[in-house]
Amino acid sequence: MKFKLIATAAAVLCLGFTAVTAQETPITKRQALMKGIGGAAGALGGIAKGEKPYDQAAVRTALTTISTNIKAFPDQFPAGSETGDKTKAAPAIWEKNAEFRAGAQKLGSDAEALLASMPADQAAVGKALQTLGGSCNTCHQNFRLK
């Protein structure tokens, strides 16, 4: 009896996991990753503008989020995910995929370099944000629909 209960519970959990996984499309995955990057950039921006006090842990977390998310980001654009609800992905992502991936890799490398040198104050966070912002802006100009 106990075995049947455990087996039934496991089956229900597997079905629930399958339903949740099936809803997670490449578009929703990449939007979630980008939302994380945007939130991290916002946290750095708050420090750079003096709206929030310098907090080394917050800076480390933000840079880590950017570095981690951007590494996974380019893999969320498989063939067939060019269109869909609320996607702002430009066709250039698929047409110039190597360039797109190189841009993501540059942002990741910039974030890792900043993590290694760790901005030590508000002014350094501002400079770090300028470095990251250049990569972000280039990608958004070339690979995001207006």
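Let's start with helix 3, which runs over residues 56-72 in this predicted model. With 17 residues at 1.5 Å a residue, helix 3 should span 24 Å, and its end C-alpha atoms lie 25 Å apart, which agrees. The buried residues along helix 3 are Val59, Ala62, Leu63, Ile66, Ser67, Asn69 and Ile70. As you follow that list, it helps to remember that an α-helix has 3.6 residues a turn, so residues three or four places apart point the same way. And what do the buried residues of helix 3 pack against? Their partners are helix 2, helix 5 and helix 6.

Helix 2 is a good place to go next. It covers residues 26-48, and its geometry can be checked in the same manner: 23 residues at 1.5 Å each should span 33 Å, and the end C-alpha atoms are 33 Å apart, which agrees. Just after helix 2 comes Gly50, with a positive phi near 80 degrees. The buried residues of helix 2 are Ile27, Arg30, Leu33, Ile37, Ala40, Leu44, Gly45, Gly46 and Ile47. Helix 3, helix 4 (92-95) and helix 6 (122-143) are included in what covers them.

Let's pause at one residue on that list, Leu33. Is Leu33 buried or exposed? Its relative accessibility is 16%, and because the limit for buried is under 20%, Leu33 counts as buried. Beyond its neighbours within four places in sequence, Leu33 touches Asn69, Ala72, Phe73 and Gln76. The C-alpha atoms of Leu33 and Ile66 are separated by 8.9 Å, although the two residues are 33 residues apart along the chain.

Ile66 also leads us to the nonpolar interior. In soluble globular proteins, nonpolar side chains tend to be buried together. Here the largest nonpolar core has 25 residues, and those with the most contacts inside it are Leu44, Val59, Ile66 and Leu132. Helix 2, helix 3, helix 4, helix 5 and helix 6 each give two or more residues to this core. Look closely at Leu132: leaving aside neighbours within four places in sequence, its contacts are Leu44, Leu63, Ile66, Leu107, Asp110, Ala111 and Leu114.

One name among those contacts of Leu132 is Asp110, a residue of helix 5 (residues 97-117). Asp110 counts as buried, with a relative accessibility of 14%. Apart from neighbours within four places in sequence, Asp110 is in contact with Thr131, Leu132 and Ser135.

Now for the empty space. Rolling a probe the size of a water molecule over the atoms shows where such space is left. The largest pocket has a volume of about 410 Å³. It is lined by 16 residues, and the closest to its centre are Gln31, Met34, Phe73, Lys88 and Arg144. Which element supplies the largest share of this lining? That is helix 2, with four residues. Helix 2 and helix 6 each supply at least two. By character, the lining of the largest pocket divides into eight nonpolar, three polar and five charged residues.

The second largest pocket holds about 150 Å³ of space. Of its 13 lining residues, the closest to the centre are Met34, Ile37, Leu107, Cys136 and His140. Helix 2, helix 5 and helix 6 give two or more residues to the lining of the second largest pocket. That lining has nine nonpolar residues, four polar and no charged.

Note on methods. Residues are numbered from 1 along each chain as its sequence is written. This is a predicted model: local features need pLDDT of at least 70, side-chain atom pairs count only at pLDDT 80 or more; totals for chains, interfaces and linings use all residues. Side-chain values use heavy atoms; hydrogens and water are left out. Buried means under 20% relative accessible area, exposed over 50%, partly exposed in between (1.4 Å probe, protein chains only). Contact means heavy atoms within 4.5 Å. The expected span of a helix is 1.5 Å times one less than its number of residues. On a 1 Å grid over the protein atoms alone, a cavity is a set of points where a 1.4 Å probe fits but cannot get out, and a pocket is an open set with protein on both sides within 12 Å along at least five of seven lines; lining residues have an atom within 4 Å of a point. Grid points are joined across faces, edges and corners, and a volume is the space filled by probe spheres set on the points. Ala, Val, Leu, Ile, Met, Phe, Trp, Tyr, Cys and Pro count as nonpolar, Asp, Glu, Lys and Arg as charged, and the others, Gly among them, as polar. A nonpolar core is a set of buried Ala, Val, Leu, Ile, Met, Phe, Trp, Tyr and Cys residues joined through side-chain atoms within 4.5 Å.
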